[in-house]
Amino acid sequence: MVDVTEKEMDNPTFKSDTVLSDVHLHCPNERHLMVRLNAVGQPVFRSYFKILWNTEDLPSEKHVREATTEREHHYRSGDELCDQDRNNKKKERGLNSEGIEALLDDDGDLEVVRRPQSASDLEAEDILRDRVYPVILMKGKDDAFEDEEQECTCSDVVKIEHTMATPLEDVGKQVWRAAFLLADYILFKRDTFRCCSVLELGGGTGITSIIMGTVAKRVYCTDVGDDLLTMCEQNVSLNKHLMEPGRGEVKVKELDWLKDEFCTDPEAPYSWSEEEIADLHDHCTVIMAADVFYDDDLTDALFRMLYRITHNLRNSCTVYLALEKRLNFTLRHMDVTCEAYSHFRNTLNDLESLQDRKMKYTVEPIKLDFCQFLVYERIEQL
């Protein structure tokens, strides 16, 4: 994973110590407007995500994926042929001992498929890719939003401010595929979540809480860091038009998994009141988290926090966890592995087998055959 820095806006350079989410790069013909610099000097962009409410356009998962590919796929014809050939090769290969497809050649070495380096390998028009360049809005140029605002004030568009590349500790400021996956499930199961009280752990930009807020009674969207929480609160404000009158309240709160207690300092900007903590404990029936399992220590901390919270809930609760398995080649294993995912699964198993007289946890996977309401690439690793 790499990061784009703004050394020259027309020629992005890459650094290896930061992380880039490719969600927005699947929309090469859309404008990504840079609206400001945040408190730590990172460029903040605003993107628009359309909710495909018309289920007649989405009669089946197959048709959804075809429509998504047709509309948002970032490869051109030459790259599509490469991808098809690559997928065929993957199917021909077996699975490794952990059930992960390994791109290995006949000798067992990792095979890296590279893009052609020159136009002589393929037709030039086949390998060209659309580049995504941010549009910088200078002070006093607010009218640059005019067209977008006119098109994006309806009830089927989510407006999200986010960064495109950050250090690892700031990945919550980006939008990730698992957040879209969980949002899809919420939209697909709207009646299940209607009028619920919900807690999101690691809410990041807030997109999943905002989608949940279109049906739930109250959502506590939590994360840590004033800069991130300010961005999240801004996104909640930008999407007030999606909330039903009298319902759909989204509250942005601090919740640090490394601390045992809720932040109740009245001088802290995103602290909890005693009434809010009591409301959470008395009424919460849904907890959710999307793409927060990338660091083993944080995974451990999240499960400890999850146990503490559920232990104090008055009602039984369902926890929805969405994540992406990220494949990495490690020298330690000399193989392609998903170490963060493996640690997550082990910790989840520990929770399920926990001997507790008061609490009992059961785990059930959800099949990913539900409709896709947001435009993104629903890859097999989700």
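What follows is a walk through the sheet, the nonpolar cores, the aromatic pairs and a few unusual spots of this structure. The model is a predicted one.

The sheet makes a handy starting point. Five strands line up as an open sheet in the order β11-β10-β9-β12-β13, with parallel pairing. Strands of a sheet pair through backbone hydrogen bonds, either parallel or antiparallel. Here β11 and β13 sit at the edges, each pairing on one side only. From one strand to its neighbour the average turn is 20°, direction ignored. Looking at one pairing in detail, β9 and β10 run parallel and are joined by 4 bridges; Leu199, for instance, has Tyr220 of β10 as its bridge partner.

Helices pack on this sheet. Helix α5 touches β12 and β13, and its direction makes about 145° with that of β12. Helix α10, in turn, lies across β9, β12 and β13 and runs at about 170° to β12.

Next come the cores. The largest nonpolar core has 46 residues, and those touching the most other members are Val158, Phe180, Ile186, Phe193, Val198, Ile207 and Met212. Elements that give two or more residues to this core include the helices α5 (177–188), α7 (207–213) and α8 (226–238), along with strands such as β7 (157–162) and β10 (218–223). The largest share, 9 residues, comes from α5. A second, separate core of 27 residues includes Leu199, Cys284, Phe303 and Met305. Back in the largest core, Phe193 is a good residue to click on: leaving aside neighbours within four places in sequence, Phe193 is in contact with Tyr185, Ile186, Met212, Val215, Ala216, Val286 and Tyr320. Phe193 also belongs to an aromatic cluster, together with Tyr185, Phe188, Tyr320 and Phe370.

Aromatic rings turn up elsewhere too, as a search of the whole structure finds 13 aromatic pairs. In one of them, the ring centres of Phe49 and Phe180 are 5.2 Å apart and the planes stand at 70°, so this pair counts as edge-to-face. The two partners come from distant parts of the chain, with Phe49 in strand β5 and Phe180 in helix α5, 131 residues apart. Both rings belong to buried residues: Phe49 has a relative accessible area of 8%, and Phe180 comes in at 0%. Another edge-to-face pair is formed by Phe262 and Trp272, at 4.8 Å centre to centre and 70° between the planes. Both of these residues are in the loop between β11 and α9 (274–283), 10 residues apart, and both are buried.

Strand β5 (residues 43–50) also holds Arg46. Despite its charged side chain, what stands out is its setting: Arg46 has a relative accessible area of just 9%, under the 20% limit, so it counts as buried. The side chain of Arg46 makes a polar contact of 2.7 Å with that of Glu161.

Finally, two loop residues have an uncommon backbone. Most residues other than glycine have a negative phi. Cys195, however, has a positive phi of about 70°, and it sits in the loop between α6 (190–193) and β9 (197–200). Asp291 also has a positive phi, of about 55°, and is found in the loop between β12 (284–290) and α10 (296–311). As for their surroundings, Cys195 is partly exposed at 46% relative accessibility, whereas Asp291 is buried at 10%.

Note on methods
Residues numbered from 1 in each chain as written. Predicted model: local features only at pLDDT ≥ 70, side-chain atom pairs only at ≥ 80, totals over all residues. Heavy atoms only, no water. Buried < 20%, exposed > 50% of the residue type's maximum accessible area, 1.4 Å probe, protein only. Core = buried A, V, L, I, M, F, W, Y, C linked by side-chain atoms within 4.5 Å. Contact = heavy atoms within 4.5 Å. Polar contact = N/O pair within 3.5 Å; in protein donor to acceptor, adjacent residues only side chain to side chain. Pairing = 2+ DSSP bridges. Axes fitted to C-alpha atoms, helices over the stretch in contact; angles between N-to-C directions. Phe/Tyr/Trp six-rings, centres within 6.5 Å; stacked < 30°, edge-to-face > 60°.
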